[in-house]
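Trainee: I should like a close look at a single part of this structure. Please treat one strand and its surroundings in detail.

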Amino acid sequence: MERAPGVAAAAVGAVTHYGRAVLVTVSARDGVPFVADRRQVVLIGDGLPSAPYHHEAQTLERPAAAELIRRVRSAVDARAEAALGELRQSVRAQCRLEWLAHRAPRPLPESLDGILDSRPATLIADAEMYLEALSGAARRCRLPVVTCARGTELEAAARALGAGADEVAAFLAGMRASLGPPWQADHRTAAAAALAAAAGGQGWRLPGA
């Protein structure tokens, strides 16, 4: 389907977990935000471990661990790129996807040995892998990536909208009435990240503002 001319800009917010991601795409009509799409996507294929750094790699010799992690990362990268491509095609008639938004990544050692030799690093390396896969896929799809510190998505959305955090929280919670389930904390966080990425530059506002 061809995208209609003059459609509004949109941002997709992402919240990742082991093996999956919640994606919420937010656009606007007459300057008021709405959810154009929400979906959960699987980022890991059958037969591959969802947490190879923290589990499987710990029992393998380093060359075998490196090969396993390479395979997992390659599969996750491919699925992340496919998911963003499918999303872009799905929403193109009603909005123009322009940003990917998610929490800021956490630092990790640069080498595999550095990660596997550090228990704190292995505890977060798998989660960061999924986030990095989405970021890399976005760059390959020419989507700028916008990040904010974990837990600050709501405040960032409020600044972008020129509203109070409580007002934005109420607006996001109220979306459940029109969207129906599922509309859980991950969906609200992803939507807030999307608003933080797009609302300020587009002049979006809360209803009645």
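Mentor: The following account concerns strand S4 and its neighbours.

This is a predicted model, in which local features need pLDDT of at least 70 and side-chain atom pairs count only at pLDDT 80 or more, while totals for chains, interfaces and linings use all residues. Residues are numbered from 1 along each chain as its sequence is written, and side-chain values use heavy atoms, with hydrogens and water left out.

Strand S4 spans residues 95–103; strands are DSSP runs (E, at least two residues), numbered from the N terminus. Seven of its nine residues are buried, so S4 is largely enclosed by the rest of the structure. Buried means under 20% relative accessible area, with a 1.4 Å probe and protein chains only.

S4 pairs with two strands, S1 and S5; pairing requires that DSSP find at least two bridges between the strands. With S1 (residues 8–17), the sense is parallel and there are six bridges, one of which joins Ala8 to Cys95 in S4. With S5 (residues 145–148), the sense is again parallel, over four bridges; here Arg103 has Cys148 in S5 as its bridge partner.

Ala11 illustrates the surroundings from the side of S1, the strand in which it lies. Its relative accessibility is 0%, and Ala11 therefore counts as buried. Leaving aside residues up to four places away in sequence, Ala11 touches several residues, including Leu97, Trp99, Val24, Val26 and Ala194, where contact means heavy atoms within 4.5 Å. By contrast, the C-alpha atoms of Ala11 and Leu116 are separated by 35 Å, the two residues being 105 residues apart along the chain.

Notes:
Buried < 20%, exposed > 50% of the residue type's maximum accessible area, 1.4 Å probe, protein only.
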